[in-house]
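Colleague: I am new to this model and would love a close look at one part of it, the place where the chains come together. Could you walk me through that part and then into the fold around it?

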There are 2 protein chains.
Amino acid sequence: MSQPAYDVIAIGNAIVDVMAPSSDDQIGQLALVRGAMTLVDADRAATLYDAMGPAREISGGSAANTLAGLAALGGRCAFIGQVADDQLGAVFAHDIRAAGIAFATPPRPGEPPTARCLIFVTPDGQRTMNTFLGASQFLPAGAIDADAIAAASVLYLEGYLWDPEEPRAAMRRAIAAARDAGREVAFTLSDPFVIARHGEDFRHLLREGLIDILFANEAELAALTGAAEIDAGLAALAPLVPVLVVARSEKGAVALRRGERAAVAAEPVAAVVDTTGAGDLFAAGFLFGHVRGEPLARCLERGAIAAAEVISHWGARPEADLNALMTRRLG
Amino acid sequence: MSQPAYDVIAIGNAIVDVMAPSSDDQIGQLALVRGAMTLVDADRAATLYDAMGPAREISGGSAANTLAGLAALGGRCAFIGQVADDQLGAVFAHDIRAAGIAFATPPRPGEPPTARCLIFVTPDGQRTMNTFLGASQFLPAGAIDADAIAAASVLYLEGYLWDPEEPRAAMRRAIAAARDAGREVAFTLSDPFVIARHGEDFRHLLREGLIDILFANEAELAALTGAAEIDAGLAALAPLVPVLVVARSEKGAVALRRGERAAVAAEPVAAVVDTTGAGDLFAAGFLFGHVRGEPLARCLERGAIAAAEVISHWGARPEADLNALMTRRLG
């Protein structure tokens, strides 16, 4: 087996975040699900955008954010995701390539437009996301390049993208290609709503031994296992997946790797500005350590530092020099 | 004469800023004019965008930024400017309306697209701007609504927009409408390159008594008057314009109003992040005091506080509560 050209290749939504400060009152008035990700259609997106304050646009997408973190650390990455042939699609493509990430999926002509996520950020830094999936949900299975999958140590899949039918088929094809090439498959559960709709698929993938690394938060772990207690949830999944990582927000994170258990506290943050991307950057830090074969605790520490950086400013992509931050903290 | 519905109506470029951190090395490699605004065509814009790091998009445009500051202070504002019927045009229109500013200019169908300004921000916070004017340069004279002009205490004009022919005709029409209605006309010189190309026009407008309030920085004052010393420049213009405001960056600002002179020091800033919009927000603070008939020194203080806020974060539109800042500083 040749030396992989990429550390991680990811398949995810290709989304531009449209972000504005909000208030608890506004969250209530618009009947938003505070802290969650809600899929919206074009009409609802237009209504919410009209109600939103002056905004800024910053490229997002869960798996794409994770790659941006990995690339900022020096990881070699490639992304597969569907934009439309429009201005927001050009913004997404620019930003991911400018981050040093290979991105070869051609834009999709015509309607619908590139995906956008309308993010209302309350004064506590909590983000409430409303995603119009647009072109992103039409990622065709043909976009999966088996050679590119085989060229990466890890295939990273975004649970959000399991919901629409075409990308789900693309991801199944990618999993097969990764397994054929002897690569690891990592999966992030993304949101409890995805598990509510596709939990049986995920449990099946796990039982089949098709997932090597599973990322979840506490709510997702509970949704997938039916266990309210985190330790029960961990115990239920541990036999099914070699590496299990559960992010716990301000409580830090815990991971199991082939019988070994490690935990990390949350990294202190001077001021939480915008929590968008916290889980994505946690995964970035963890994977960076993982592909280098670092101890489990060190992988978690890297995750915590990357997550702390991204919640200290607007947007879900890193701004500070993550390597310098980690060197300062970890030596 | 009825009570004006607006404090300020402005005509300016309708631009979305595309901003990324840069380095002095990159500024040199790309042969950019550090700290200046350079007009670029579509090819050069594409080249520069390819070279730019991951970016964020935030609505800009000089006069539009000034209105955003005024509106944040509680001023009643309207904007006239030309976007295309595209995604960036929708972003600009959303952001200005969401700031509480009336904006009725219909988008322009077809090519060229909405204007964008590629802004490279060096570690000292200095912004180097490269503007693709796109649709903005096709603002037609027909977009000027004389009733709207008459409904505002002050007509505010952006010098940048004097360069393309159609908007220049529109601004001449707007000046006539303002004068007919007995309103004040304010003009910002924007950049020395505009004066190099249109200085004779500006001197003519001043000699005709068509400008009541003139905003300049030191370089623009020198370019317009030919006087290297600021006092000589002020003395040359004072007889021609009732209110003359010269922003001097870290040296503060000075103003003359019908024989009265006042000056203000620059407001301290913890960290200069991005100087984009400093002059625009200075004008916002000044005009807010001016339309309320405040003392000249107070108008300058408001300008300095608004400018300090906008250079402390990314983007040329205010983020903090400007009224609260001013109340804290000025009582």
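What rotation, with how much shift along its axis, superposes chain B on chain A?

Modeller: Happy to. This is a predicted model, in which local features need pLDDT of at least 70 and side-chain atom pairs count only at pLDDT 80 or more, while totals for chains, interfaces and linings use all residues. Residues are numbered from 1 along each chain as its sequence is written, and chains are lettered from A and ligands numbered from 1 in the order in which they are written.

Now to your question. Chain B falls on chain A after a rotation of 180 degrees with 0.0 Å of shift along the axis, and the RMSD is 0.0 Å (a least-squares superposition on the C-alpha atoms of residues with pLDDT of at least 70 in both copies). The two copies are therefore related as by a two-fold rotation axis. Among the residues of chain B, Glu57(B) comes closest to that axis, with its C-alpha at 2.5 Å. Both copies use the same surface, since 100% of the contact residues of chain B recur in chain A.

How broad is the meeting in residues? In chain B, 19 residues are in contact with 20 residues of chain A; contact here means C-beta atoms, placed from the backbone, within 7 Å. On the chain B side, strand E4 (56–59) and helix H4 (87–98) each give two or more residues (helices, H or I of at least four residues, and strands, E of at least two, are DSSP runs numbered from the N terminus). H4(B) supplies the largest share, six residues. Sorted by class, this side of chain B holds nine nonpolar, five polar and five charged residues (Ala, Val, Leu, Ile, Met, Phe, Trp, Tyr, Cys and Pro are nonpolar, Asp, Glu, Lys and Arg charged, and the others, Gly among them, polar).

E4 also links the chains strand to strand. Strand E4 (residues 56–59) of chain A pairs with E4(B) in the antiparallel sense, over three bridges; two strands count as paired if DSSP finds at least two bridges between them. Here Glu57(A) stands opposite Glu57(B), and Glu57(B) is the residue of chain B that comes closest to the axis.

Let's step back into the fold of chain A. Nine strands make an open sheet with mixed pairing, in the order E6-E5-E1-E9-E10-E11-E12-E13-E14. At its edges are strand E6 (102–103) and strand E14 (260–264), each pairing on one side only. Within the sheet, strand E9 (residues 152–158) of chain A runs parallel to strand E10 (residues 184–188) of chain A, over five bridges, and Glu158(A) has Thr188(A) in E10(A) as its bridge partner. H8(A) packs on this sheet, touching strand E11 (213–217) and strand E12 (243–247) of chain A.

Chain B likewise has an open sheet of nine strands, in the order E6-E5-E1-E9-E10-E11-E12-E13-E14, with mixed pairing. In chain B, strand E10 (residues 184–188) and strand E11 (residues 213–217) run parallel, joined by three bridges. There, Ala186(B) has Ile213(B) in E11(B) as its bridge partner.

One last stop is a helix contact: Glu218(A), Leu221(A), Ala222(A) and Thr225(A) in H8(A) meet Ile230(A), Gly233(A), Ala236(A) and Leu237(A) in H9(A). By class, the residues of this contact are five nonpolar, two polar and one charged.

How values were computed: Contact = placed C-beta atoms within 7 Å. Axes fitted to C-alpha atoms, helices over the stretch in contact; angles between N-to-C directions.
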